[in-house]
Amino acid sequence: MSTSYPTTWRRPPQLIKSARLRYAIQFAIALYLAVAIGTLEVDWARVAAGLERGGRFAAGFLQPDFVSRWDDISRGLVESLTMTLTSTVVGVLLSVPVGIGAASNIAPAPIYFVCRSIIAVSRALQEIIIAIFLVAMFGFGPFAGFLTLSFATIGFLAKLLADDIEEIEPGQVEAVRSTGASWWQMVNYSVQPQVMPRLIGLSLYRLDINFRESAVIGIVGAGGIGATLNTAIDRYEYDSAGAILLLIIAIVMVAEYGSSYLRKFLQ
Amino acid sequence: MTTTDTYSAVWQRRTPRKRLLIWTGWVALVALFVWCWQLMTENTIWAFVTDAPRQAADIGARMWPLEWGYLPELMGPLWDTINIATLGTIGGVIMAVPVAFLAARNTTPSATILRPIALFIIVASRSINSLIWALLLVAIIGPGLLAGIVAIALRSIGFVGKLLYEAIEETDRRQIEAVRATGAGGLQVLTYGIVPQIMPAFWGISVFRWDINIRESTILGLVGAGGIGLKLNASINTLSWDEVAVILLLILGTVVVSEWVSAKLRRAII
(Lines give C-alpha, C1' and ligand atoms only; values in the text may rest on other atoms or scores of the structure.)
Protein backbone atom coordinates (compact mmCIF):
# COMPACT_ATOMS: atom_id res chain seq x y z
CA MET A 1 0.00 0.00 0.00
CA SER A 2 1.97 2.94 -1.15
CA THR A 3 0.00 6.07 -1.88
CA SER A 4 2.02 8.83 -3.40
CA TYR A 5 1.48 12.03 -1.50
CA PRO A 6 2.24 15.28 -3.28
CA THR A 7 5.50 16.71 -2.10
CA THR A 8 4.72 20.30 -3.00
CA TRP A 9 1.74 22.43 -2.06
CA ARG A 10 0.48 25.67 -3.50
CA ARG A 11 -1.65 27.91 -1.37
CA PRO A 12 -5.13 28.11 -2.91
CA PRO A 13 -6.21 31.57 -4.08
CA GLN A 14 -8.08 33.41 -1.37
CA LEU A 15 -10.43 35.97 -2.78
CA ILE A 16 -11.43 34.98 -6.31
CA LYS A 17 -11.79 31.24 -6.72
CA SER A 18 -12.54 31.13 -10.46
CA ALA A 19 -9.28 31.15 -12.38
CA ARG A 20 -10.82 32.68 -15.52
CA LEU A 21 -12.33 35.60 -13.59
CA ARG A 22 -9.01 36.10 -11.80
CA TYR A 23 -7.07 36.34 -15.06
CA ALA A 24 -9.71 38.66 -16.55
CA ILE A 25 -9.45 41.01 -13.59
CA GLN A 26 -5.65 40.91 -13.66
CA PHE A 27 -5.70 41.69 -17.36
CA ALA A 28 -8.15 44.56 -16.87
CA ILE A 29 -5.98 46.03 -14.13
CA ALA A 30 -2.85 45.77 -16.28
CA LEU A 31 -4.68 47.38 -19.21
CA TYR A 32 -5.96 50.22 -17.01
CA LEU A 33 -2.50 50.84 -15.57
CA ALA A 34 -0.95 50.92 -19.04
CA VAL A 35 -3.51 53.43 -20.31
CA ALA A 36 -3.39 55.53 -17.14
CA ILE A 37 0.39 55.73 -17.08
CA GLY A 38 0.36 56.34 -20.84
CA THR A 39 -1.81 59.43 -20.47
CA LEU A 40 0.32 60.72 -17.65
CA GLU A 41 2.27 63.75 -18.78
CA VAL A 42 5.30 64.27 -16.63
CA ASP A 43 7.88 66.94 -17.26
CA TRP A 44 10.89 64.96 -16.06
CA ALA A 45 13.27 67.87 -16.57
CA ARG A 46 11.16 69.93 -14.18
CA VAL A 47 11.09 67.07 -11.70
CA ALA A 48 14.87 66.72 -11.85
CA ALA A 49 15.25 70.44 -11.36
CA GLY A 50 12.89 70.24 -8.41
CA LEU A 51 14.82 67.54 -6.61
CA GLU A 52 17.43 70.06 -5.55
CA ARG A 53 14.62 72.19 -4.15
CA GLY A 54 13.22 69.11 -2.44
CA GLY A 55 16.60 68.64 -0.80
CA ARG A 56 16.45 72.20 0.46
CA PHE A 57 12.97 71.56 1.81
CA ALA A 58 14.16 68.44 3.60
CA ALA A 59 17.01 70.50 5.06
CA GLY A 60 14.48 73.12 6.16
CA PHE A 61 12.43 70.42 7.78
CA LEU A 62 15.45 69.21 9.73
CA GLN A 63 16.52 72.74 10.71
CA PRO A 64 13.20 74.49 11.18
CA ASP A 65 13.19 78.25 11.63
CA PHE A 66 10.62 79.18 14.26
CA VAL A 67 12.00 82.64 14.93
CA SER A 68 12.07 84.89 11.86
CA ARG A 69 8.38 84.50 11.01
CA TRP A 70 7.20 83.90 14.55
CA ASP A 71 4.67 86.78 14.45
CA ASP A 72 2.88 85.30 11.44
CA ILE A 73 3.14 81.75 12.76
CA SER A 74 1.76 82.62 16.19
CA ARG A 75 -1.10 84.62 14.66
CA GLY A 76 -1.96 81.72 12.38
CA LEU A 77 -1.81 79.26 15.27
CA VAL A 78 -4.04 81.43 17.47
CA GLU A 79 -6.54 81.74 14.63
CA SER A 80 -6.49 78.00 14.01
CA LEU A 81 -6.86 77.05 17.66
CA THR A 82 -9.64 79.53 18.43
CA MET A 83 -11.43 78.58 15.22
CA THR A 84 -11.16 74.90 16.19
CA LEU A 85 -12.68 75.37 19.63
CA THR A 86 -15.48 77.78 18.71
CA SER A 87 -16.52 75.80 15.64
CA THR A 88 -16.54 72.52 17.57
CA VAL A 89 -18.71 74.03 20.36
CA VAL A 90 -21.16 75.61 17.92
CA GLY A 91 -21.11 72.54 15.67
CA VAL A 92 -21.90 70.22 18.58
CA LEU A 93 -24.71 72.51 19.80
CA LEU A 94 -26.24 72.51 16.32
CA SER A 95 -25.74 68.83 15.66
CA VAL A 96 -27.49 67.65 18.83
CA PRO A 97 -30.98 68.80 17.70
CA VAL A 98 -30.24 67.69 14.12
CA GLY A 99 -29.01 64.33 15.37
CA ILE A 100 -32.08 63.80 17.56
CA GLY A 101 -34.28 64.79 14.62
CA ALA A 102 -32.49 62.34 12.34
CA ALA A 103 -33.06 59.33 14.61
CA SER A 104 -35.98 57.39 13.14
CA ASN A 105 -37.04 55.85 16.46
CA ILE A 106 -37.79 59.09 18.31
CA ALA A 107 -38.46 61.67 15.57
CA PRO A 108 -41.58 62.00 13.40
CA ALA A 109 -41.12 61.25 9.69
CA PRO A 110 -41.12 64.83 8.22
CA ILE A 111 -38.51 66.04 10.72
CA TYR A 112 -36.49 62.87 10.09
CA PHE A 113 -36.27 63.59 6.35
CA VAL A 114 -35.37 67.26 6.85
CA CYS A 115 -32.59 66.42 9.30
CA ARG A 116 -31.25 63.54 7.19
CA SER A 117 -31.03 65.81 4.17
CA ILE A 118 -29.14 68.46 6.17
CA ILE A 119 -26.68 65.72 7.13
CA ALA A 120 -26.40 64.45 3.56
CA VAL A 121 -25.61 67.92 2.18
CA SER A 122 -23.04 68.60 4.86
CA ARG A 123 -21.32 65.25 4.30
CA ALA A 124 -21.31 65.38 0.51
CA LEU A 125 -19.53 68.73 0.24
CA GLN A 126 -15.94 68.87 1.30
CA GLU A 127 -14.71 71.42 3.79
CA ILE A 128 -12.56 73.14 1.22
CA ILE A 129 -15.42 73.65 -1.24
CA ILE A 130 -17.70 75.00 1.50
CA ALA A 131 -14.84 77.27 2.53
CA ILE A 132 -14.52 78.67 -1.00
CA PHE A 133 -18.19 79.67 -0.98
CA LEU A 134 -18.18 81.03 2.54
CA VAL A 135 -15.05 83.09 1.88
CA ALA A 136 -16.79 84.54 -1.17
CA MET A 137 -19.80 85.40 0.99
CA PHE A 138 -18.29 86.43 4.34
CA GLY A 139 -14.92 87.77 3.26
CA PHE A 140 -11.42 86.49 4.07
CA GLY A 141 -10.45 85.56 7.59
CA PRO A 142 -11.12 83.08 10.38
CA PHE A 143 -14.85 83.86 10.58
CA ALA A 144 -15.45 82.08 7.26
CA GLY A 145 -13.30 79.22 8.53
CA PHE A 146 -15.33 79.03 11.72
CA LEU A 147 -18.56 78.76 9.72
CA THR A 148 -17.06 76.11 7.43
CA LEU A 149 -15.91 73.90 10.28
CA SER A 150 -19.20 74.32 12.19
CA PHE A 151 -21.14 73.22 9.13
CA ALA A 152 -18.84 70.26 8.50
CA THR A 153 -19.14 69.24 12.16
CA ILE A 154 -22.93 68.91 11.79
CA GLY A 155 -22.60 66.34 9.03
CA PHE A 156 -20.13 64.23 10.99
CA LEU A 157 -21.52 64.47 14.51
CA ALA A 158 -25.25 64.53 13.77
CA LYS A 159 -24.97 61.40 11.63
CA LEU A 160 -23.04 59.42 14.22
CA LEU A 161 -25.32 60.67 17.01
CA ALA A 162 -28.45 59.75 15.05
CA ASP A 163 -27.10 56.27 14.28
CA ASP A 164 -26.27 55.89 17.96
CA ILE A 165 -29.71 56.96 19.12
CA GLU A 166 -31.27 54.48 16.69
CA GLU A 167 -29.34 51.68 18.37
CA ILE A 168 -30.24 52.46 21.99
CA GLU A 169 -31.89 49.97 24.32
CA PRO A 170 -35.65 50.38 23.67
CA GLY A 171 -36.55 48.91 27.07
CA GLN A 172 -35.34 51.99 28.91
CA VAL A 173 -37.35 54.30 26.65
CA GLU A 174 -40.41 52.10 27.24
CA ALA A 175 -39.87 52.18 31.01
CA VAL A 176 -39.55 55.96 31.19
CA ARG A 177 -42.51 56.42 28.87
CA SER A 178 -44.72 54.14 30.98
CA THR A 179 -44.26 56.44 33.98
CA GLY A 180 -46.19 59.05 32.00
CA ALA A 181 -43.15 61.05 30.90
CA SER A 182 -43.50 63.60 28.12
CA TRP A 183 -41.34 63.45 24.95
CA TRP A 184 -38.77 65.85 26.43
CA GLN A 185 -38.57 63.88 29.68
CA MET A 186 -38.20 60.70 27.66
CA VAL A 187 -35.24 62.17 25.72
CA ASN A 188 -33.72 63.58 28.88
CA TYR A 189 -34.00 60.49 31.11
CA SER A 190 -33.79 57.54 28.73
CA VAL A 191 -32.00 58.61 25.54
CA GLN A 192 -29.47 61.14 26.80
CA PRO A 193 -27.87 58.93 29.50
CA GLN A 194 -27.36 56.18 26.93
CA VAL A 195 -25.68 58.29 24.25
CA MET A 196 -23.86 60.89 26.39
CA PRO A 197 -20.51 59.04 26.78
CA ARG A 198 -20.31 58.47 23.05
CA LEU A 199 -21.37 62.04 22.26
CA ILE A 200 -18.56 63.40 24.44
CA GLY A 201 -16.08 61.03 22.82
CA LEU A 202 -17.17 62.00 19.31
CA SER A 203 -17.02 65.71 20.16
CA LEU A 204 -13.43 65.35 21.33
CA TYR A 205 -12.60 63.39 18.19
CA ARG A 206 -14.19 66.10 16.08
CA LEU A 207 -12.13 68.74 17.91
CA ASP A 208 -9.08 66.88 16.71
CA ILE A 209 -10.40 66.68 13.12
CA ASN A 210 -11.36 70.36 13.10
CA PHE A 211 -7.81 71.36 13.98
CA ARG A 212 -6.43 69.33 11.08
CA GLU A 213 -8.97 70.84 8.72
CA SER A 214 -8.28 74.35 10.00
CA ALA A 215 -4.74 73.89 8.71
CA VAL A 216 -6.12 73.28 5.22
CA ILE A 217 -8.92 75.76 4.67
CA GLY A 218 -6.49 78.64 5.11
CA ILE A 219 -5.25 77.82 1.60
CA VAL A 220 -8.46 79.25 0.14
CA GLY A 221 -8.43 82.27 2.44
CA ALA A 222 -10.36 81.08 5.48
CA GLY A 223 -7.68 82.07 7.98
CA GLY A 224 -5.60 79.94 10.29
CA ILE A 225 -2.21 78.29 10.07
CA GLY A 226 -2.88 77.07 6.52
CA ALA A 227 -2.73 80.65 5.25
CA THR A 228 0.63 81.13 6.97
CA LEU A 229 1.93 77.88 5.51
CA ASN A 230 0.75 78.83 2.05
CA THR A 231 2.57 82.16 2.29
CA ALA A 232 5.74 80.51 3.56
CA ILE A 233 5.79 78.06 0.64
CA ASP A 234 5.01 80.81 -1.88
CA ARG A 235 8.00 82.75 -0.57
CA TYR A 236 10.17 79.60 -0.85
CA GLU A 237 10.92 79.92 2.87
CA TYR A 238 11.23 76.20 3.44
CA ASP A 239 12.70 76.52 6.92
CA SER A 240 9.63 78.45 8.10
CA ALA A 241 7.34 76.00 6.27
CA GLY A 242 9.15 73.13 7.99
CA ALA A 243 8.62 74.81 11.36
CA ILE A 244 4.89 75.23 10.67
CA LEU A 245 4.52 71.61 9.57
CA LEU A 246 6.33 70.40 12.69
CA LEU A 247 4.03 72.54 14.84
CA ILE A 248 0.97 71.08 13.09
CA ILE A 249 2.24 67.53 13.58
CA ALA A 250 3.04 68.23 17.24
CA ILE A 251 -0.37 69.76 17.98
CA VAL A 252 -2.18 66.95 16.16
CA MET A 253 -0.23 64.37 18.16
CA VAL A 254 -0.98 66.15 21.45
CA ALA A 255 -4.65 66.48 20.48
CA GLU A 256 -4.87 62.83 19.46
CA TYR A 257 -3.28 61.45 22.62
CA GLY A 258 -5.05 64.02 24.81
CA SER A 259 -8.46 63.26 23.38
CA SER A 260 -8.00 59.48 23.52
CA TYR A 261 -6.85 59.81 27.16
CA LEU A 262 -9.82 62.06 28.00
CA ARG A 263 -12.23 59.65 26.29
CA LYS A 264 -10.86 56.74 28.31
CA PHE A 265 -11.13 58.85 31.48
CA LEU A 266 -14.73 59.87 30.77
CA GLN A 267 -16.10 56.47 29.81
CA MET B 1 -39.77 57.69 62.48
CA THR B 2 -37.34 60.51 61.81
CA THR B 3 -35.31 58.80 59.10
CA THR B 4 -37.96 59.32 56.42
CA ASP B 5 -37.51 63.07 56.70
CA THR B 6 -33.96 62.88 55.36
CA TYR B 7 -35.06 61.53 51.98
CA SER B 8 -35.41 64.22 49.39
CA ALA B 9 -38.74 64.41 47.62
CA VAL B 10 -37.08 64.77 44.24
CA TRP B 11 -34.76 62.09 42.95
CA GLN B 12 -31.27 63.35 42.05
CA ARG B 13 -28.92 61.35 39.94
CA ARG B 14 -25.65 62.75 41.28
CA THR B 15 -24.27 63.88 44.64
CA PRO B 16 -24.07 67.68 45.18
CA ARG B 17 -20.28 67.58 44.99
CA LYS B 18 -20.35 65.88 41.59
CA ARG B 19 -22.99 68.31 40.32
CA LEU B 20 -20.83 71.25 41.40
CA LEU B 21 -17.85 69.76 39.55
CA ILE B 22 -19.81 69.23 36.34
CA TRP B 23 -21.29 72.71 36.61
CA THR B 24 -17.81 74.25 37.04
CA GLY B 25 -16.66 72.34 33.99
CA TRP B 26 -19.47 73.78 31.87
CA VAL B 27 -18.80 77.33 33.10
CA ALA B 28 -15.11 76.92 32.26
CA LEU B 29 -16.03 75.73 28.76
CA VAL B 30 -18.33 78.71 28.20
CA ALA B 31 -15.64 81.12 29.44
CA LEU B 32 -13.08 79.49 27.14
CA PHE B 33 -15.50 79.72 24.24
CA VAL B 34 -16.16 83.44 24.82
CA TRP B 35 -12.44 84.16 25.12
CA CYS B 36 -11.64 82.23 21.91
CA TRP B 37 -14.52 83.90 20.11
CA GLN B 38 -13.18 87.36 20.97
CA LEU B 39 -9.64 86.43 19.90
CA MET B 40 -10.92 84.98 16.65
CA THR B 41 -13.21 87.83 15.64
CA GLU B 42 -10.73 90.56 16.56
CA ASN B 43 -10.03 91.36 12.93
CA THR B 44 -13.34 90.37 11.42
CA ILE B 45 -14.92 93.07 9.27
CA TRP B 46 -18.57 92.84 10.29
CA ALA B 47 -19.75 94.85 7.31
CA PHE B 48 -18.74 91.88 5.11
CA VAL B 49 -20.53 89.46 7.40
CA THR B 50 -23.81 91.37 7.40
CA ASP B 51 -23.50 91.69 3.65
CA ALA B 52 -23.31 87.90 3.25
CA PRO B 53 -26.99 87.15 2.43
CA ARG B 54 -26.84 89.62 -0.46
CA GLN B 55 -23.60 88.02 -1.70
CA ALA B 56 -25.13 84.57 -1.41
CA ALA B 57 -28.16 85.64 -3.42
CA ASP B 58 -25.85 87.18 -6.02
CA ILE B 59 -23.76 84.01 -6.39
CA GLY B 60 -26.90 81.90 -6.51
CA ALA B 61 -28.40 84.06 -9.25
CA ARG B 62 -25.20 83.89 -11.31
CA MET B 63 -25.10 80.10 -10.99
CA TRP B 64 -28.49 79.72 -12.49
CA PRO B 65 -28.69 78.79 -16.03
CA LEU B 66 -26.11 76.03 -15.58
CA GLU B 67 -23.39 76.03 -18.23
CA TRP B 68 -23.91 72.43 -19.41
CA GLY B 69 -21.88 73.09 -22.56
CA TYR B 70 -18.83 73.02 -20.34
CA LEU B 71 -19.32 69.35 -19.48
CA PRO B 72 -17.45 67.67 -22.41
CA GLU B 73 -14.42 69.82 -21.66
CA LEU B 74 -14.38 68.40 -18.13
CA MET B 75 -14.04 64.74 -19.13
CA GLY B 76 -10.26 64.91 -19.65
CA PRO B 77 -9.62 66.43 -16.22
CA LEU B 78 -12.02 63.92 -14.66
CA TRP B 79 -9.98 61.03 -16.14
CA ASP B 80 -6.86 62.67 -14.71
CA THR B 81 -8.53 62.95 -11.30
CA ILE B 82 -9.44 59.27 -11.27
CA ASN B 83 -5.88 58.39 -12.29
CA ILE B 84 -4.45 60.55 -9.52
CA ALA B 85 -6.62 58.75 -6.98
CA THR B 86 -5.98 55.23 -8.31
CA LEU B 87 -2.25 55.50 -8.98
CA GLY B 88 -1.82 57.42 -5.73
CA THR B 89 -3.62 54.72 -3.79
CA ILE B 90 -1.48 52.00 -5.37
CA GLY B 91 1.69 53.91 -4.54
CA GLY B 92 0.53 54.63 -1.01
CA VAL B 93 -0.41 51.02 -0.34
CA ILE B 94 2.94 49.77 -1.64
CA MET B 95 4.75 52.13 0.72
CA ALA B 96 2.37 51.48 3.63
CA VAL B 97 2.79 47.67 3.73
CA PRO B 98 6.41 47.61 4.98
CA VAL B 99 5.65 50.46 7.39
CA ALA B 100 2.71 48.50 8.81
CA PHE B 101 4.83 45.38 9.32
CA LEU B 102 7.48 47.47 11.07
CA ALA B 103 4.87 49.14 13.27
CA ALA B 104 2.97 46.02 14.37
CA ARG B 105 4.16 44.74 17.74
CA ASN B 106 4.15 41.08 16.70
CA THR B 107 6.09 41.46 13.43
CA THR B 108 8.45 44.37 14.04
CA PRO B 109 12.12 43.34 13.90
CA SER B 110 13.11 45.89 16.56
CA ALA B 111 10.62 47.39 19.00
CA THR B 112 13.03 50.02 20.28
CA ILE B 113 14.29 51.64 17.08
CA LEU B 114 12.24 50.71 14.00
CA ARG B 115 8.78 50.68 15.59
CA PRO B 116 8.89 54.33 16.81
CA ILE B 117 10.18 55.40 13.41
CA ALA B 118 7.35 53.60 11.66
CA LEU B 119 4.81 55.08 14.07
CA PHE B 120 6.21 58.55 13.44
CA ILE B 121 5.89 58.06 9.67
CA ILE B 122 2.26 57.05 10.19
CA VAL B 123 1.47 60.04 12.43
CA ALA B 124 3.26 62.54 10.17
CA SER B 125 1.46 61.26 7.10
CA ARG B 126 -1.92 61.29 8.84
CA SER B 127 -1.66 64.72 10.38
CA ILE B 128 -0.78 66.51 7.15
CA ASN B 129 -3.71 66.82 4.77
CA SER B 130 -3.27 65.77 1.13
CA LEU B 131 -3.84 69.35 0.05
CA ILE B 132 -0.83 70.46 2.09
CA TRP B 133 1.25 67.60 0.68
CA ALA B 134 0.17 68.76 -2.77
CA LEU B 135 1.10 72.36 -1.95
CA LEU B 136 4.62 71.23 -0.99
CA LEU B 137 5.02 68.89 -3.92
CA VAL B 138 3.84 71.45 -6.46
CA ALA B 139 6.54 73.77 -5.13
CA ILE B 140 9.14 70.99 -5.29
CA ILE B 141 8.45 68.92 -8.42
CA GLY B 142 6.31 71.44 -10.27
CA PRO B 143 2.59 71.55 -11.04
CA GLY B 144 0.92 68.58 -12.69
CA LEU B 145 -0.46 65.12 -12.18
CA LEU B 146 2.72 63.68 -10.67
CA ALA B 147 2.56 66.08 -7.72
CA GLY B 148 -1.04 65.02 -7.13
CA ILE B 149 -0.23 61.30 -7.32
CA VAL B 150 2.69 61.61 -4.92
CA ALA B 151 0.61 63.77 -2.53
CA ILE B 152 -2.20 61.19 -2.47
CA ALA B 153 0.33 58.38 -2.01
CA LEU B 154 2.11 60.11 0.89
CA ARG B 155 -1.18 60.87 2.58
CA SER B 156 -2.42 57.28 2.16
CA ILE B 157 0.60 55.75 3.93
CA GLY B 158 -0.61 56.86 7.36
CA PHE B 159 -4.20 55.75 6.93
CA VAL B 160 -3.45 52.37 5.34
CA GLY B 161 -0.44 51.81 7.59
CA LYS B 162 -2.38 52.45 10.79
CA LEU B 163 -5.35 50.25 9.93
CA LEU B 164 -3.13 47.52 8.52
CA TYR B 165 -0.81 47.35 11.53
CA GLU B 166 -3.83 47.11 13.80
CA ALA B 167 -5.08 44.23 11.66
CA ILE B 168 -1.67 42.53 11.89
CA GLU B 169 -1.68 42.89 15.67
CA GLU B 170 -5.10 41.28 15.84
CA THR B 171 -4.11 38.15 13.91
CA ASP B 172 -4.75 34.77 15.51
CA ARG B 173 -1.51 33.62 17.19
CA ARG B 174 -2.38 29.94 17.00
CA GLN B 175 -2.30 29.87 13.20
CA ILE B 176 1.10 31.53 13.21
CA GLU B 177 2.31 29.06 15.82
CA ALA B 178 0.98 26.15 13.77
CA VAL B 179 2.90 27.31 10.71
CA ARG B 180 6.01 27.86 12.82
CA ALA B 181 5.67 24.36 14.29
CA THR B 182 6.12 22.84 10.83
CA GLY B 183 9.60 24.37 10.80
CA ALA B 184 8.80 27.35 8.59
CA GLY B 185 11.25 30.22 8.40
CA GLY B 186 10.42 33.85 9.10
CA LEU B 187 9.37 34.62 5.54
CA GLN B 188 7.25 31.47 5.31
CA VAL B 189 5.50 32.33 8.57
CA LEU B 190 4.74 35.72 7.06
CA THR B 191 3.31 34.39 3.80
CA TYR B 192 1.43 31.35 5.20
CA GLY B 193 0.60 32.47 8.74
CA ILE B 194 0.01 36.22 8.71
CA VAL B 195 -0.75 37.30 5.13
CA PRO B 196 -3.81 35.03 4.64
CA GLN B 197 -5.31 36.41 7.84
CA ILE B 198 -4.92 40.07 6.95
CA MET B 199 -5.77 39.75 3.24
CA PRO B 200 -9.49 40.69 3.52
CA ALA B 201 -8.62 43.62 5.79
CA PHE B 202 -5.90 44.70 3.35
CA TRP B 203 -8.24 44.81 0.36
CA GLY B 204 -11.01 46.41 2.37
CA ILE B 205 -8.69 49.17 3.62
CA SER B 206 -7.25 49.76 0.13
CA VAL B 207 -10.67 50.10 -1.50
CA PHE B 208 -11.88 52.33 1.31
CA ARG B 209 -8.83 54.55 0.92
CA TRP B 210 -9.33 54.65 -2.86
CA ASP B 211 -12.84 55.99 -2.24
CA ILE B 212 -11.51 58.70 0.10
CA ASN B 213 -8.76 59.49 -2.41
CA ILE B 214 -11.25 60.07 -5.23
CA ARG B 215 -12.90 62.62 -2.96
CA GLU B 216 -9.60 64.29 -2.08
CA SER B 217 -8.12 64.27 -5.57
CA THR B 218 -11.02 66.34 -6.91
CA ILE B 219 -9.73 69.38 -5.03
CA LEU B 220 -5.97 68.93 -5.40
CA GLY B 221 -6.07 71.09 -8.52
CA LEU B 222 -6.78 74.12 -6.34
CA VAL B 223 -3.07 74.24 -5.56
CA GLY B 224 -2.01 73.19 -9.06
CA ALA B 225 -1.73 69.41 -8.71
CA GLY B 226 -3.84 68.55 -11.75
CA GLY B 227 -7.26 67.05 -12.27
CA ILE B 228 -10.69 68.60 -12.16
CA GLY B 229 -9.70 70.95 -9.35
CA LEU B 230 -7.63 72.94 -11.87
CA LYS B 231 -10.80 73.68 -13.83
CA LEU B 232 -12.61 74.53 -10.61
CA ASN B 233 -9.88 76.96 -9.64
CA ALA B 234 -9.91 78.58 -13.10
CA SER B 235 -13.69 79.02 -13.00
CA ILE B 236 -13.61 80.47 -9.49
CA ASN B 237 -10.86 82.90 -10.43
CA THR B 238 -12.90 84.18 -13.38
CA LEU B 239 -16.02 84.28 -11.14
CA SER B 240 -17.98 82.19 -13.66
CA TRP B 241 -20.24 80.63 -11.08
CA ASP B 242 -22.37 78.84 -13.71
CA GLU B 243 -19.30 76.75 -14.62
CA VAL B 244 -18.44 76.26 -10.94
CA ALA B 245 -21.91 74.81 -10.34
CA VAL B 246 -21.47 72.29 -13.18
CA ILE B 247 -18.06 71.23 -11.87
CA LEU B 248 -19.42 70.81 -8.35
CA LEU B 249 -22.30 68.66 -9.61
CA LEU B 250 -19.84 66.51 -11.56
CA ILE B 251 -17.62 66.13 -8.48
CA LEU B 252 -20.66 65.19 -6.41
CA GLY B 253 -21.69 62.60 -8.99
CA THR B 254 -18.17 61.11 -9.11
CA VAL B 255 -18.01 60.90 -5.33
CA VAL B 256 -21.39 59.17 -5.12
CA VAL B 257 -20.40 56.64 -7.80
CA SER B 258 -17.05 55.91 -6.17
CA GLU B 259 -18.74 55.46 -2.81
CA TRP B 260 -21.18 52.98 -4.36
CA VAL B 261 -18.38 51.06 -6.11
CA SER B 262 -16.34 50.90 -2.93
CA ALA B 263 -19.31 49.75 -0.85
CA LYS B 264 -20.07 46.98 -3.39
CA LEU B 265 -16.44 45.87 -3.58
CA ARG B 266 -16.01 45.83 0.18
CA ARG B 267 -19.17 43.81 0.65
CA ALA B 268 -17.87 41.31 -1.92
CA ILE B 269 -14.50 41.03 -0.15
CA ILE B 270 -15.52 40.83 3.50
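Over residues 85–107 of chain A, the chain is 74% helix and 0% strand, with 29 Å between the end C-alpha atoms. Helices here are DSSP runs of H or I with at least four residues, strands are runs of E with at least two, and both are numbered from the N terminus. Keep in mind that this is a predicted model, where local features need pLDDT of at least 70, side-chain atom pairs count only at pLDDT 80 or more, and totals for chains, interfaces and linings use all residues. Residues are numbered from 1 along each chain as its sequence is written, while chains are lettered from A and ligands numbered from 1 in the order in which they are written.

That stretch is on a list: an unreviewed UniProt entry gives "transmembrane region" for residues 21–40, 85–107, 128–157 and 241–262 of chain A. For chain B, UniProt (again an unreviewed entry) has residues 20–40, 82–104, 116–139 and 244–263. Such positions follow the numbering used here, feature names are shortened, and annotations may be inferred rather than shown by experiment. Here are some of these spans:

| Span | Helix | Strand | End C-alpha distance |
|---|---|---|---|
| Chain A, 21–40 | 90% | 0% | 28 Å |
| Chain B, 116–139 | 92% | 0% | 29 Å |
| Chain B, 244–263 | 100% | 0% | 28 Å |

Now for single helices. Helix α6 of chain A (residues 142–166) has 25 residues, so at 1.5 Å a residue it should span 36 Å, and its end C-alpha atoms are indeed 36 Å apart. The expected span is 1.5 Å times one less than the number of residues. In α6(A), 21 of the 25 residues are buried, meaning 20 or more other C-beta atoms within 10 Å of a residue's own; 12 or fewer is exposed, in between is partly exposed, and C-beta atoms are placed from the backbone.

Over in chain B, helix α4 (residues 71–103) should span 48 Å with its 33 residues, and its ends are 45 Å apart, which agrees. α4(B) bends by about 30° at B:A96, and the proline B:P98 follows within four residues. The bend is the angle between axes fitted to the seven residues ending there and the seven starting there.

How do the chains meet? Chain B brings 48 residues to the contact and chain A brings 47, where contact means C-beta atoms, placed from the backbone, within 7 Å. Helix α6 of chain B (residues 130–141) gives the most to chain B's side, with seven residues.

Notes:
Contact = placed C-beta atoms within 7 Å.
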